[in-house]
Amino acid sequence: MNKSEGQSGNLPLFGVTFKSVSLKSQLLHGGEGSLLESAIKKRIMEFLNISQDDYSMVFTANRSAAFKLVAQSYPFQSSRKLLTVYDHESEALDSMVNTSEKRGARVMAAEFKWPRLRIHSAKLRKMIVRDNKKKKNRGLFVFPLQSRTSGASYSYQWMTMAQENGWHVLLDACALGPKEMDSFALSLFQPDFLICSFYKIFGENPTGFGCLIVKKSTVPLLEASGGSGIVSITPANNLLRSSEDNSGTDTELEQIAKNHESSENETSDIIQCRCLDHVDSLGLRLVNSRGRYLINWLVSAVTKLRHPNRLDHFALVTIYGPKVKFDRGPALAFNIHDWKGERVEPALVQKLADRSKISIGVGFLHHVWFSEKYEGHNSIILEHNVKEKETVGTKNRKDKQGITVATVALTFLANFEDAYRLWAFIAQFLDADFVEKERWRYTALNQKTIEV
């Protein structure tokens, strides 16, 4: 359960409590929960244009919990395959893959063509339509509409093809912004599972939760499992006892409690969805156009940065995935190279960005496929990412090949100032002494040194 921060402005808008129940039981017998939970659930379903007659929803602690719940409940004994379409490593997906493998699933993954990381269509089509005589209950097809790392967008037609060939479809909408989630055509494609994340959509205390939405006709196929990861949304007045000893005044606490005190005041609960209302007020065209302009301007601007002391005008930045493109997502995967052509470690880029209050992550692109045209490039470009993989009674080391990258994603609230600040930060690396100066600065501060 979330606790108050002590400042009235930081008091929780709602609480999150864990429930020990299986996914199937919660979907069949869980009920609607508190008035606050019911109001938020109704608002989200309306926002996504999903009928409560066709789908049921549970709240999860986060995105990873939603993926794991599906893996724990899906009938892999009869539908043995798990097919995923991700160009990057994901903690949530790894959790699903590991759980599914332990339950007997045969895991397959799409591959992505170098250098633009487009789906290798011929290979994916073959995996979807194979064994044509056995179309019933083939397995689970896990599909994102956009890559959270490279920004690549994928066609809805892959979902249609999977459904026509007997796959259950899990649609991962976590990479989409709120207004994009409002506009995709669920009524046409009707996936069996939908996972979306409302991180910092309902405020910052708590930061958010995940949503797992399941088609009601699919629920009977699920298997009972040990429940973990399902949460309930509780009204803030249940949390105020822990705040009474803090610095907030009685008037402030009473005012917050009053907002949730009466069952007749349900409209005050829906105010917690103010971020969704704000997005609605802006409109789909404005939100999407602004995001498209910003990410494409950023891609164009950083690709023009060239080292001035190189005769060949060597590029400062390498971008992985789509470049300037109308339908690309707001995420960007890139690496920065110094004047010698050597990569600046993404972890160092992240540390320096943190100091400038710029949010940059570190990701790992995988399942990269090289055609004959790029034969020989894979040994130069790909690196090993070794992780320990738990197996029954022992530990094995799972060796993956891919590319470590710096990542950034523009939110739907980002403006040109945000994009320009990021460009200006990256442009600093044109200074041949910049990386060395910063490395020595971190050494002087007794921080871990990252070798470049």
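Which residue has a side-chain oxygen that reaches to the backbone nitrogen of Ala-92 at the start of H4? In this predicted model, the residue is Ser-90, and the separation of the two atoms is within 3.3 Å. Helix H4 itself covers residues 91-102. At 1.5 Å a residue, its 12 residues should span 16 Å, and the C-alpha atoms at its ends lie 17 Å apart, so the expected and the computed values agree. The buried residues of H4 are Ala-92, Leu-93, Asp-94, Ser-95, Met-96, Val-97, Thr-99 and Ser-100.

Beyond the helix, the chain passes through Gly-104, which follows H4 and has a positive phi, near 100°. Ala-105 is placed in the loop that runs between H4 and strand E4 (106-109). The relative accessible area of Ala-105 is 10%, and the cut-off for a buried residue is under 20%, so Ala-105 counts as buried. When residues up to four places away in sequence are not counted, Ala-105 touches Phe-76, Arg-80 and Ser-100. Ser-100 is also one of the buried residues of H4. The C-alpha atom of Ala-105 is separated by 7.6 Å from that of Gln-77, although these residues are 28 residues apart along the chain.

The interior was then examined for nonpolar cores. The largest nonpolar core has 55 residues, and those with the most contacts inside it are Ile-44, Phe-59, Leu-124, Ile-128, Phe-141, Phe-143 and Phe-209. Helix H2 (residues 35-47) gives the largest share of this core, 5 residues. A second core of 31 residues is separate, and includes Leu-332, Val-344, Leu-352 and Ile-426. With neighbours within four places in sequence left aside, Ile-128 is in contact with Leu-83, Arg-138, Phe-141, Trp-158, Met-161, Ala-162, Asn-165 and Trp-167.

Aromatic residues were considered next. The structure holds 12 aromatic pairs. One pair is formed by Phe-425 and Phe-429, with 5.6 Å centre to centre and 85° between the planes, and is edge-to-face. Both residues fall under the 20% cut-off and therefore count as buried: Phe-425 has a relative accessible area of 3%, and Phe-429 has one of 2%. Elsewhere, Phe-112, Phe-141, Phe-143 and Tyr-154 are linked by ring pairs into a cluster. Of these, Phe-141 and Phe-143 also appear among the residues with the most contacts inside the largest core. A charged group is placed over a ring at Phe-326, where the charged end of Arg-292 sits 4.0 Å from the ring centre.

Notes
Residues numbered from 1 in each chain as written. Predicted model: local features only at pLDDT ≥ 70, side-chain atom pairs only at ≥ 80, totals over all residues. Heavy atoms only, no water. Helix = DSSP H or I, 4+ residues; strand = E, 2+ residues; numbered from the N terminus. Expected span 1.5 Å × (residues − 1). Buried < 20%, exposed > 50% of the residue type's maximum accessible area, 1.4 Å probe, protein only. Polar contact = N/O pair within 3.5 Å; in protein donor to acceptor, adjacent residues only side chain to side chain. Core = buried A, V, L, I, M, F, W, Y, C linked by side-chain atoms within 4.5 Å. Contact = heavy atoms within 4.5 Å. Phe/Tyr/Trp six-rings, centres within 6.5 Å; stacked < 30°, edge-to-face > 60°. Lys NZ or Arg CZ within 6 Å of the ring centre and 35° of its normal.
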